[in-house]
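This briefing introduces a protein structure to a reader who has not met it before. Please look over the sequence and the model below before turning to the notes that follow.

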Amino acid sequence: MDGARVRQVTHGDFSVQGIVTIAHDTLFFMASSDMARPYDQHLNRVALAGKDQRQLTQRPGLHRAVASPNGKHFVVYHESLSVPTSSQLMDQAGTVLAELDRAKVDMAIRKDWPAPEEFVAKSADGKDTIHGIIFKPHGFDPSKRYPIIERIYGGMQSQVMPRGYPGANSRGAGSEYLNLLPYLNSLGFVIVTMDSPGTPGRGRAYNLKTHGAWPDGIIADHAAALRHVAKSRPWMDISRVGVAGNSWGGTLAAHAMKDAPDLYKAASLSVADVDISDGSHWIEWHLGTKTDNPEGYAGKSAADLAKAIEGHLLIIAGTSDANVPVSNTMKLLDALAAEGKRYELVLFPGTNHIHRNAAGDARYAYAVNRLGQFFNAHLGGPQK
């Protein structure tokens with residue numbers, strides 16, 4: 001057919017994650033097909049003729065499916081924020097034929113760490129929904145008021161919200177889910193994380209919301225969502241909010257201190273690209289070139305940030321980072337000094353973008369510990 005499209009097979013305003021198998025005249029695929037929960041992943045089927053599309057899995061959360069060689073049966077794995085991993089045998093109609101396995105969790109181990117709480121809020125312009133997660137502190141007491149740390153990323157190529165069961169495979173969060181978030185919870189912080197307009201997984205229009213202008217407008221969305229969720233949760237002390245990010249997340253953390261200093265009082269910037277023109281290969285596909293889109297780059301240099309940033313800063317970087325050259329950090333330090341603004345610095349000689357050196361030795365634990373000390377000093381702990 002010389003590449004000509006024969007027909008559209010799937011229909012609906014949702015993201016398709018991938019094809020599981022094609023059995024005879026039927027396509028089985030994974031998709032975020034529950035519009036009320038756009039980050040869940042479900043097994044779906046549709047005839048290749050484009051008819052009879054159906055979602056086969058129903059439980060909220062993440063699903064993963066493996067097809068039998070003939071495509072008549074599936075092993076379907078499921079997990080969510082509150083439900084540990086399980087597997088079932090399912091037929092083509094979505095009928096569960098057998099329970100295969102279920103992770104056993106000793107809930108006594110987790111009794112002092114409440115289950116994460118999901119929320120939905122509106123973007124600053126009221127046009128989009130923002131889905132996020134709240135991680136309550138260990139030993140949570142609703143009569144207390146807790147400081148808040150937003151763990152931010154906001155990059156246009158990745159989501160940040162963890163969606164699997166804590167301690168399982170932690171899809172969408174990596175080591176942060178297993179280490180950083182529970183560590184900060186153990187220190188008495190409420191942790192909030194969210195994926196706002198401009199991030200993937202919600203369709204093309206949502207992802208392109210900040211195309212050509214990133215990160216303009218992102219902090220306004222995050223600030224609006226934080227204020228919204230805190231209104232109905234008196235144990236969230238909205239007067240004591242910090243923000244922490246790594247890589248593009250560090251960039252967004254810096255912009256939070258510029259765009260919403262009335263909300264964010266302290267920020268941790270780890271390997272942050274704070275001068276967008278320095279290392280432009282990471283941003284040109286989203287902003288275009290500086291020549292073609294000068295407005296998109298305006299006001300986003302380290303000097304521009306240093307002039308506008310307010311509040312307490314912790315800056316973490318490595319000297320051998322190929323993703324975000326240490327020159328980014330040096331420019332920011334020089335600009336902050338020129339403005340007479342205070343900062344704290346953790347600089348690792350010879351480490352890369354994940355705080356690891358050539359010998360394989362990690363400095364991640366030290367960085368996390370300093371991050372906890374920084375926020376404890378500037379936000380304080382739980383209060384009655």
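In which strand does His42 lie? His42 belongs to strand 3, where strands (E, at least two residues) and helices (H or I, at least four residues) are DSSP runs, numbered from the N terminus. The model is predicted: local features need pLDDT of at least 70, side-chain atom pairs count only at pLDDT 80 or more, and totals for chains, interfaces and linings use all residues. Residues are numbered from 1 along each chain as its sequence is written, and side-chain values use heavy atoms, with hydrogens and water left out.

**Overall form**

- The secondary structure of the protein consists of nine helices and 16 strands.
- The radius of gyration is 22 Å, which agrees with the value near 21 Å for a compact globule of 384 residues; this radius is taken over C-alpha atoms, and the globule rule is 2.2 Å times the number of residues to the power 0.38.
- Along the principal axes, the C-alpha atoms fill a box of roughly 70 × 60 × 50 Å.
- Of the 384 residues, 48% are buried (buried means under 20% relative accessible area, exposed over 50%, partly exposed in between, with a 1.4 Å probe and protein chains only).
- The protein exposes about 17100 Å², of which carbon and sulfur atoms supply 53%; accessible areas come from the Shrake-Rupley method with a 1.4 Å probe, and for residues only the protein chains shown count as cover.
- Among contacts with a separation of 6 or more, 63% are between residues 24 or more positions apart, a contact being heavy atoms within 4.5 Å.

**Nonpolar cores**

- In soluble globular proteins, nonpolar side chains tend to be buried together.
- The largest nonpolar core has 77 residues (a nonpolar core is a set of buried Ala, Val, Leu, Ile, Met, Phe, Trp, Tyr and Cys residues joined through side-chain atoms within 4.5 Å).
- Helix 3 (residues 218-231) gives the largest share of this core, seven residues.
- Val192, Trp214, Met236, Tyr264, Leu269 and Phe375 have the most contacts inside the largest core.
- Not counting residues up to four places away in sequence, Leu269 touches ten residues named here in full: Gly245, Gly250, Ala253, Ala254, Val274, Leu313, Leu314, Ile315, Ile316 and Leu332.
- A second, separate core of nine residues includes Ala23, Phe28, Leu43 and Ala65.

**The four-stranded sheet**

- An open sheet of four strands follows the order 1-2-3-4 with antiparallel pairing; two strands pair if DSSP finds at least two bridges between them.
- Strand 1 and strand 4 (54-55) are the edge strands, each pairing on one side only.
- Strand 1 (residues 16-23) pairs with strand 2 in the antiparallel sense over six bridges, and Ile19 has Phe29 as its bridge partner in strand 2.
- These two strands form a hairpin with two residues between them, and His24 in the turn has a positive phi of about 60°.
- Strand 2 and strand 3 (residues 42-47) run antiparallel and are joined by six bridges; Met30 stands opposite Leu43, and Leu27 stands opposite Val46.
- In strand 2 (residues 26-31), six of its six residues are buried.
- Thr26, Phe28 and Met30 point one way from strand 2, while Leu27, Phe29 and Ala31 point the other way.
- In a regular strand the side chains alternate between the two faces of the sheet.

**Individual buried residues**

- His42 counts as buried because its relative accessibility is 0%.
- The side chain of His42 makes a polar contact with the side chain of Thr57 at 2.9 Å (a polar contact is a pair of N or O atoms within 3.5 Å; within protein, one must be able to donate a hydrogen and the other to accept it, and residues adjacent in sequence count only if both atoms are side-chain atoms).
- Beyond four places in sequence, the residues that His42 touches include Phe29, Met30, Gln55, Arg59 and His63.
- Tyr206 lies in helix 2 (residues 204-207) and is buried, with a relative accessible area of 6%.
- The side chain of Tyr206 reaches the backbone oxygen of Asp195 at 3.5 Å.
- Ser80 is found in the loop between strand 6 (73-79) and strand 7 (86-91), and its relative accessible area of 9% makes Ser80 buried.
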